[in-house]
Amino acid sequence: MSEEPPTRDAATRPGEGAGEPRGLRPGDEFAGYRIEAELGRGGMGVVYRARHLALDRECALKVIAADLAADERFVERFRREARLAASIDHPNVVPVYDAGEEGGAPFIAMRLIPGEDLAALVRREGPLELGR
C-alpha cells in the first residue's frame, strides 16, 4: 500500500473521530505552515514543529482537536487567550507569532523552544527546586 501524498487541506482529512487531532503529517501544509514533525499530543490537540512558509521561520504550531473546535465557547476562549498571550512581552513567556483558524481548526503558532517538555523533565528528575 502506498503512502498518501501530502495534502494542502489536511485539516479536513476524512476518518477522524471526536477528540482526534487533525492527522497532519510531515510535508502537509496547513494555514501557510509546512509540518515538519509532531512534537506532542495532549487533551487540547497536537503540537507540531512547523515552518511558516512566507517568513521561512521555524515555530511550534498547536492545532486544536476536532471535538474542541466544534465547541464555540471553547474556540472563543482560545481566541481570547491567544490575543492575551500575544500581548505579553517578557523573557519568561513564549512569544506568539500567529493565531487563526483553517478549515474549522483553530491554531496558534509560537516560538519553538528546543529541549524536552516540563512533564518529561519532572518524570526524569522528580520535583524541581523552586529556583529552577
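This report walks through the fold, the aromatic pairs, the charged contacts and two unusual backbone angles of a predicted model.

## Overall layout

Let's start with the big picture. The protein is built from three helices and six strands. Going along the sequence, the order is β-β-β-β-α-α-β-β-α, with four strands ahead of the helix pair, then two strands and a helix at the end.

How much of the protein is buried? Of the 132 residues, 30% fall in that class. On the outside, about 8,600 Å² is exposed, and carbon and sulfur atoms supply 52% of that area. As for contacts, take those between residues at least 6 apart in sequence: 36% of them join residues at least 24 apart.

## Aromatic pairs

A search of the whole structure turns up three aromatic pairs. One of them is Phe30 with Phe107, an edge-to-face arrangement with 5.7 Å from centre to centre and 80 degrees between the planes. Phe30 sits in strand S1 (residues 29-30) and Phe107 in strand S6 (residues 105-110), so this pair ties together parts that are 77 residues apart in sequence. Both partners are out of the solvent by the usual cut-off: Phe30 has a relative accessibility of 1%, and because buried means under 20%, it counts as buried. Phe107, at 5%, counts as buried too.

Another pair, Phe74 with Phe78, is stacked, with 6.4 Å between centres and 20 degrees between planes. These two phenylalanines both belong to helix H2 (residues 72-86), and they are four residues apart, about one turn of the helix. Phe74 is buried at 8% relative accessibility, and Phe78 is also buried, with a relative accessible area of 8%.

Which residues do ring pairs link into a cluster? Phe30, Tyr33 and Phe107. So that the strands can be placed: Phe30 is in S1 and Phe107 is in S6, while strand S2 covers 33-41.

## A charge over a ring and a nonpolar patch

Tyr97 has a charged neighbour over its ring: Arg57 lies over the face, 3.5 Å from the ring centre.

There is also some greasy surface to look at. Leu84, Ile88 and Val93 make up a nonpolar patch there, and together they have about 240 Å² of accessible area. Leu84 belongs to helix H2, which is also home to Phe74 and Phe78. Leu84 is exposed, with a relative accessible area of 55%, whereas Phe78 in that helix is buried at 8%.

## Salt bridges

Side chains of opposite charge can pair when their charged atoms come close. How many salt bridges does the structure hold? There are 13. Among them is Arg41 with Glu38, at 2.7 Å from N to O. Arg41 is exposed, with a relative accessible area of 53%, and Glu38 is partly exposed at 38%.

Arg124 and Glu125 form another bridge, with an N to O distance of 3.1 Å. Here Arg124 is exposed at 53% relative accessible area, while Glu125 counts as partly exposed at 39%. Some bridges share partners, and in that way Glu36, Arg49, Arg51, Asp56 and Glu58 are joined into one network. Within that group, the side chains of Arg51 and Asp56 meet at 3.3 Å, N to O.

## Two positive phi angles

Most residues other than glycine have a negative phi. Which way do Ala31 and Asp56 go? Ala31 has a positive phi of about 55 degrees, and Asp56 has a positive phi of about 50 degrees, although neither is a glycine.

Both sit in loops. Ala31 is in the loop between S1 and strand S2 (33-41), and at 22% relative accessibility it counts as partly exposed. Asp56 is in the loop between strand S3 (45-52) and strand S4 (57-64). Asp56 is exposed, at 54% relative accessibility, and this is the aspartate that bridges to Arg51. So Asp56 combines an exposed position, a positive phi and a place in the salt-bridge network.

Key: Residues numbered from 1 in each chain as written. Predicted model: local features only at pLDDT ≥ 70, side-chain atom pairs only at ≥ 80, totals over all residues. Heavy atoms only, no water. Buried < 20%, exposed > 50% of the residue type's maximum accessible area, 1.4 Å probe, protein only. Contact = heavy atoms within 4.5 Å. Areas by Shrake-Rupley, 256 points an atom, 1.4 Å probe, with all protein chains shown as cover. Phe/Tyr/Trp six-rings, centres within 6.5 Å; stacked < 30°, edge-to-face > 60°. Lys NZ or Arg CZ within 6 Å of the ring centre and 35° of its normal. Patch = residues over 30% accessible without salt bridge, like charges linked within 9 Å, V, L, I, M, F, W, Y side chains within 5 Å. Salt bridge = Lys/Arg side-chain N within 4 Å of Asp/Glu carboxyl O.
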